Amino acid sequence: MNKSELKPAVVFEQFAKINQIPRPSKREEKMIEYLKSWGESHGLDTKVDETGNVIIRKPATKGMENRKTVILQSHMDMVCDKLVDYEIDFDHDPIKTYIDGEWLTAEGTTLGADDGIGCAMELALLESDDIEHGPIECVFTRDEETGLTGAEGMKAGFMTGDYLINLDSEDEGEIFVSCAGGRNTTAKFKFQRTEVPAGYFFLRAQLKGLVGGHSGDDINKQRANAIKLLGRFLFAEMQKYEGVRLAQFNSGKMHNAIPRDGMFVIAVPNDLKENIKADWNVFASDVEEEFHVTDTQMVWTMESTEAEPVIEAQVARNFVYALQAVDNGIYAICQDPALNGMVETSSNIASIETKETEINIVSSQRSNVMSNLDNMCATIGACFTLAGAEVKHSDGYPAWKMRQNSELQKIVIESYKKLFHKDPIVRGIHAGLECGLFSERYPNLDMVSFGPTLRFVHTPEERLHIPTVQMVWDHLIDVLKNIPHA
């Protein structure tokens, strides 16, 4: 298959154009201008709110004018991650895609199908002249990936529809009807640097090649977390040897991704360096066996490096002990049988950056139960506070609760059964969707979320299952034909 054979062509053509436009989270100005110009050039009612969200309205096709208005919604930004040795400027360079069997993926970077493919479907529908539909509002929100600030900044009244279909889900055949709420907890360790005595040897250790993934949707897959593994090794060595001194620890990039690589620099007495190297090799072997199902491509390196000032000993020790102690992964499973064993509450330690006089840690907590979200944030915060860090919690975003007797759910489910002769899976998702924020501003809005199959989102291995795009497109068109009268 080559790109000219991708179906539906109208959707993949729009997606190809979108991937020429830089759109990192919080830096979506080029995409906002593209959407605004696109809507105006097609003679459609187009508005940009003060936050940067874009809405493009299209009137109903002939005979459908009295149907309820449907909002189609996607986010315009993308997670920008890349392989360590791949060169790209995400603020200026396009995403380069290629076909791998039934999958579309990118060269060395995230693909941007999360949620560029949703945006592409909206634009394809807006451009169409042969699809029956009632009044539609296509909404493109900004900065979903780093805090949902586009949806947070949207004022009531910007959208006016009765139903909302969010196109930001990642499993074809699954209809999402609720999502988790989330907050970030950040910790800062402040310190002074000191010189090590004579007779010390510096080692630089690196771990890469982990699968990583989305810290909500993939947290139940029990994949390795680079921060936790590197912290675990350092904790064991500091327990074993008095003389281990830490100079650097860096890992992770995005608050909503499981970190897939990381490094640290340590100084050790000359007579311990071979012991440390041996321990590293044993630890690597043990961990590879531990994660032999989920993470099969781990790469471990440890080599000598240049001397540098180190973090004062007690702060470094407190930091490493906190990494060992901090909760990470699944905390609770949903008790509601309708949500079918979905993860209810979790935490992911996402990134660590060492600067000259401080270490900054970002972690994310999620839950469908807001009181348990508060509890999870308090648990993580307490661990770092006890270790001497300055701790802050973000405002976060609310959960989207399942709507009983939803008209839209019934339409979407019946349409799926009719088209594909099987029942869809109806469930919640342990990730943040903008539907949670919309449910606060628009309490009467009936919402669902669905989309084509994506894998390894928020990583350079992100891929889109090509056949499912046609399925979702057909499903969306059929749903729009069956929207009831207002």
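Strands β19 and β20 (residues 358-367) pair in the antiparallel sense, over 9 bridges. The model in which this pairing appears is predicted. The two strands form a hairpin, with 3 residues between β19 and β20. Within this pairing, Thr 345 lies opposite Ser 367 of β20.

Strand β19 also has a partner in strand β18 (residues 329-333), and β18 and β19 pair in the antiparallel sense over 4 bridges. Here Ile 333 stands opposite Val 343 of β19. β19 thus pairs with β18 and with β20.

How many of the 12 residues of β19 are buried? The strand spans residues 343-354, and 11 of its 12 residues are buried, that is, under 20% relative accessible area. β19 is therefore largely enclosed by the rest of the structure. In a regular strand, side chains alternate between the two faces of the sheet.

Elsewhere in the chain, two helices pack together. Helix α3 covers residues 113-127 and helix α11 covers residues 466-481; their axes are 12 Å apart and the packing angle is about 45°. Because of that angle, α3 is oblique to α11. The crossing of these two helices is right-handed.

Which residues of α3 and α11 meet? On the α3 side they are Ile 117, Met 121, Ala 124 and Leu 125, and on the α11 side Val 469, Val 472, Trp 473 and Leu 480. By class, the contact of α3 with α11 contains 8 nonpolar residues, with no polar and no charged ones.

Notes
Residues are numbered from 1 along each chain as its sequence is written. This is a predicted model: local features need pLDDT of at least 70, side-chain atom pairs count only at pLDDT 80 or more; totals for chains, interfaces and linings use all residues. Side-chain values use heavy atoms; hydrogens and water are left out. Axes are lines fitted to C-alpha atoms, for helices over the stretch in contact, and angles run from 0 to 180 degrees between N-to-C directions. Angles under 35 degrees count as roughly parallel, over 145 as roughly antiparallel, 65 to 115 as roughly perpendicular and the rest as oblique. A crossing is left-handed if the near helix is turned anticlockwise from the far one by less than a right angle, and right-handed if clockwise. Contact means heavy atoms within 4.5 Å. Ala, Val, Leu, Ile, Met, Phe, Trp, Tyr, Cys and Pro count as nonpolar, Asp, Glu, Lys and Arg as charged, and the others, Gly among them, as polar. Buried means under 20% relative accessible area, exposed over 50%, partly exposed in between (1.4 Å probe, protein chains only). Two strands pair if DSSP finds at least two bridges between them.
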